[in-house]
Structure formats: C-alpha cells, structure tokens
Amino acid sequence: MAEYNLAVIPGDGVGPEVIAEGRRVLEAIAASDAGLNFTYTQFPWGSDYYRETGLLMPEDGLQQLRAFDAILFGAVGDPNIPDHITLNGLLLPMRRYFDQGVCIRPSYLYPGVKSPLEGKKAGEIDLVIIRENTEGEYAPVGGRLYPGTPHEIVIQSNVFTRRGTERIIRAAFEYCVRRNKRNKVTSVTKSNAQAFGMVFWDEVFQEVAEEYPQIETESLLVDRACMDLVRWPEAFDVMVASNLFADILSDIAAVVTGSMGLAPSANINPEREYPSMFEPVHGAAFDITGKGIANPLATISAVAMMLDHLGEPDAAKRVDGAVSQCLNQRRVLTPDIGGSATTTQVGDEVLRLLGEGGPLTAEGPERALSRLRAKFDVVPDDVSLVDELIEERRQQARKEGGE
Ligand code: IPM
Ligand code: MN
C-alpha cells in the first residue's frame with residue numbers, strides 16, 4: 001500500500017475554503033482505492049499566525065516541511081499586511097529553499113467553459129507554461145540606499161544562473177516530449193532590452209533545443225507573446241519563461257481559458273530532494289473571502305497534479321476526469337464561470353462524479369479527445385458527446401455489417 005505524508009497549509013483568504021475541498025477529494029480517492037492512503041499534517045501558518053507571532057511561519061518552518069512527500073498550499077496575503085512581507089515570509093521561501101525551480105501551469109479550455117475570446121472551441125486552447133520559479137526577477141537581491149532622500153538609490157537585480165536556466169528550459173522540452181501534442185516549445189524573453197540575462201537565456205534555449213531536433217521551437221519577445229496569447233492562444237503548446245514573465249503569461253492563459261478559478265500550479269523540485277508544492281494560482285482573493293463562492297476546481301486540479309507527481313497517475317486521471325465532467329455538465333458551478341453554486345456544492349459534485357466513475361471520468365478529456373481524433377474524422381467539441389458518438393458509430397458499423 002502506498003502511503004503519502006502530506007503537509008497542508010491552507011493559509012489566508014479563500015485558501016482554507018478551497019483547500020478543504022482539495023482534502024475531501026484526496027480522502028475520497030483514498031477511500032475508493034485500497035492501495036492508497038494519505039496522512040495530513042495541517043499547519044496554521046499565514047497572516048493570522050503573523051499577527052500572533054510576528055512570523056508567517058515558525059523559524060524552523062521549512063525544516064518542519066522538509067520530510068513531507070508533498071505540500072498542498074492554499075494562498076497567502078492579507079489586506080492589512082504588505083504583500084512583500086506575507087509572500088516573502090511563506091510562499092516564496094518554500095519555492096526557493098525547496099529548490100522548486102520548475103513551475104508547471106497548464107491552461108486548457110474545458111468543454112462547458114466559455115472563453116472570453118469569441119469563437120474559441122473546447123480543447124482548442126491547450127497550453128502549458130513552464131515557469132522558472134526560484135531566481136530571475138524574483139531573486140531577493142538588491143537594496144535601498146539613502147531611503148526617502150532625493151538621492152535615494154534602489155537596486156533590484158535579476159539573477160540567471162546556468163543551472164537554473166538550463167534546468168527550466170530542459171524541463172520544458174522534456175514536458176513537451178512527454179505531452180506529445182503539438183511538439184512545440186516557445187521561449188519568451190525580452191532580449192532586445194535586457195542584454196545580459198535575457199540574451200543569456202536565448203543562448204541557452206538554442207543550446208538545449210539542439211538536443212531535441214523533433215521539437216519545433218520559437219523565441220518570442222514578451223510583449224509580442226502577451227499579444228499572441230490573446231489573439232491566437234491556440235498557437236501555443238509549451239511555453240517557457242523567466243519567473244516574472246511566466247507569472248504574467250500564466251494569468252493571461254488562465255483567463256483566456258475561462259477563469260483564474262480553474263488554474264492549478266505545481267512547484268516542482270525535479271531532483272526530488274525536497275517536497276514539491278501544489279497550489280491554485282488565484283491567491284487569497286479578499287474580495288470573495290468568507291462568501292463561500294471561491295471556485296475549488298483550481299485546487300482540485302492542483303491535487304491531480306500532486307497525485308501525478310507522487311506516482312499515482314490513475315488517481316490523477318480520475319480527479320481530472322471529475323473536474324472536466326463537472327465543468328462540462330454545467331449544473332454545479334461557482335459564479336466565476338457563470339454558476340450560482342457554493343464552493344462546497346462544487347466539491348460535493350466532484351465527489352459524486354468521482355464515486356460514479358465510468359469510462360469517461362477514468363479517462364479524462366484530453367485522452368478521450370485524442371483517442372477520438374485518432375479514430376474519427378469528425379470530433380465533437382463537447383466531451384460528453386464522445387461516448388454518444390462512439391455508440392452511434394458502433395450501431396452504424398453493426399448495421400453495415402448486416403447484424
Ligand atoms: C503566483 C502569484 C505569486 C507569484 C505571488 C503571490 C507572489 O502571483 O503564484 O502566480 O507571483 O509567484
Ligand atoms: Mn501570479
């Protein structure tokens with residue numbers, strides 16, 4: 001029996017609301033699979049903890065997390081505490097000290113979800129942003145000299161190491177090979193303006209690309225990439241970019257595929273020396289905190305990514321399938337995607353779908369669609385029609401066979 005020790009940090013804002021649903025999904029998976037068990041250690045860290053202790057997590061917080069198999073994280077941030085304090089006190093140190101250099105952010109336009117862009121069909125937008133996660137523009141290197149005076153000097157440095165840059169670019173190619181969709185990697189920089197770090201990145205991209213001759217490559221400036229993500233997001237497959245650029249790109253990608261409420265993020269330590277961390281991209285969302293309407297599906301998708309990382313791909317697919325079905329049937333959805341259900345009701349629905357199982361939920365939308373594309377000339381936009389179409393073709397074949 002596989003048993004995984006999970007650290008759970010619900011954190012601030014809507015974090016506890018969505019993490020509760022993520023945990024229920026894990027419990028349902030464990031209950032339905034005798035070979036799988038999870039233990040949870042929940043940590044009360046975040047802004048309330050800071051108000052009590054002056055720290056976002058205890059001084060030995062990172063050591064406490066070190067031995068877990070993975071970390072499930074909600075959000076951190078508080079309207080009354082500056083963001084650079086909350087984020088540099090909890091989220092960013094985890095990414096850095098656990099060397100989670102590879103951040104994976106998929107964006108998929110699910111059947112049943114409407115893109116704000118006109119005419120985009122389900123499955124058409126299907127891209128993954130591979131974000132450098134420990135250095136670049138987020139490196140806490142810099143300082144302020146003579147603060148508040150007319151000759152104040154402020155320096156904020158970008159840090160690009162060969163190890164970090166090669167690692168993220170190689171991770172993008174590897175991901176692209178494994179994904180085997182459009183076999184294209186787009187690197188995003190700003191080397192026309194930033195002649196050191198970004199030119200270096202472009203060079204490393206060229207070097208690593210040579211190892212993957214079967215993969216199409218493209219290098220875009222970040223301003224152009226932002227524009228293209230809006231006007232033709234379907235042109236992208238795997239995108240790789242520095243910490244800040246990929247942060248911005250991943251918000252655009254999330255919103256063109258329907259909602260920030262659907263976007264998961266995996267912060268991976270590829271060497272598996274430290275725990276990796278899984279979180280929704282949306283953050284604390286003070287505007288809806290406590291209203292019970294936060295979309296739990298981003299967290300539930302992050303749970304699926306965690307299961308996959310832990311080596312439980314079948315469980316991951318079941319969870320992905322339930323998310324996809326929940327969206328596709330459009331019966332129980334939160335307001336961000338046009339529904340009126342609560343966070344818990346969506347969680348209930350995902351649990352119900354998980355319990356129901358069935359061929360489609362076990363398979364997941366991507367697999368179902370690609371299986372279908374391989375078989376038929378016409379592919380429905382709506383995954384719920386997949387089984388119907390197969391049945392129709394089956395009957396037709398039977399008729400033709402004179403049965
Ligand atoms: C994200 C968030 C964080 C980031 C913030 C909260 C520091 O926006 O995970 O995308 O920029 O990495
Ligand atoms: Mn962000």
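User: Before the strands are discussed, what must DSSP find for two strands to pair?
Analyst: The model under discussion is predicted. Two strands pair if DSSP finds a minimum number of bridges between them, and that minimum is at least two.

User: In which sense do strand 1 and strand 3 pair?
Analyst: Strand 3 covers residues 70-75, and 5 bridges link strand 1 with strand 3. One of the residue pairs is A7 with its bridge partner I71 in strand 3. The sense of this pairing is parallel.

User: Which residue in strand 2 is the bridge partner of L6?
Analyst: Strand 1 (residues 2-11) also pairs with strand 2, in the parallel sense and over 7 bridges. Within strand 2, the bridge partner of L6 is Y40.

User: What is the handedness of the β-α-β crossover from strand 1 to strand 2?
Analyst: Leaving strand 1, the chain passes through helix 1, residues 15-32, before it reaches strand 2. This β-α-β crossover is right-handed.

User: What is the order of the strands in the open sheet?
Analyst: The chain has 14 helices and 12 strands. The open sheet is formed by 10 strands, and its pairing is mixed. The order is 2-1-3-12-11-4-5-10-8-9.

User: Why is one side of strand 2 and of strand 9 left without a neighbour in the sheet?
Analyst: Strand 2 spans 36-42 and strand 9 spans 216-221. Each has one side free of a neighbour in the sheet because both stand at the edges, each with a single partner strand.

User: How many degrees does the twist average from one strand to the next?
Analyst: The value describes the open sheet of 10 strands. From one strand to the next, the twist averages 25 degrees.

User: Which residue in strand 9 is the bridge partner of V185?
Analyst: Strand 8 (residues 184-189) and strand 9 run parallel and are joined by 6 bridges. In strand 9, V185 has as its bridge partner T217.

User: Which strands does helix 5 touch as it packs on the sheet?
Analyst: Helix 5 comprises residues 162-179, and its direction makes about 160 degrees with that of strand 5. The strands touched by helix 5 are strand 4 (102-108), strand 5 (126-132), strand 8 and strand 10 (238-241).

User: At what angle to strand 9 does helix 7 run?
Analyst: Helix 7 consists of residues 222-231 and lies across strand 8 and strand 9. Relative to strand 9, helix 7 runs at about 110 degrees.

User: Which residue in strand 10 is the bridge partner of V188?
Analyst: Strand 10 pairs in the parallel sense with strand 5 over 4 bridges, and I130 stands opposite V240 there. Strand 8 and strand 10 also run parallel, joined by 4 bridges. The partner of V188 in strand 10 is A241.

User: Are the residues on the two faces of strand 10 buried or exposed?
Analyst: V238 and V240 lie on one side of strand 10, with M239 and A241 on the other. Both faces are covered, and these residues are all buried.

User: Is G61 buried or exposed?
Analyst: G61 belongs to helix 3, residues 61-66. A residue counts as buried if 20 or more other C-beta atoms lie within 10 Å of its own. G61 has 20 such atoms within 10 Å, so G61 is buried.

User: Which residues are around ligand 1?
Analyst: By class, the shell around ligand 1 has 2 nonpolar, 1 polar and 1 charged residues. The residues are L87, D247, V281 and G283.

Conventions. Residues numbered from 1 in each chain as written. Chains lettered and ligands numbered in written order. Predicted model: local features only at pLDDT ≥ 70, side-chain atom pairs only at ≥ 80, totals over all residues. Axes fitted to C-alpha atoms, helices over the stretch in contact; angles between N-to-C directions. Contact = placed C-beta atoms within 7 Å. Near = placed C-beta within 6 Å. Nonpolar A, V, L, I, M, F, W, Y, C, P; charged D, E, K, R; others polar. Right-handed = clockwise from strand over helix to strand, strands pointing away. Buried ≥ 20, exposed ≤ 12 C-beta atoms within 10 Å, placed from the backbone.
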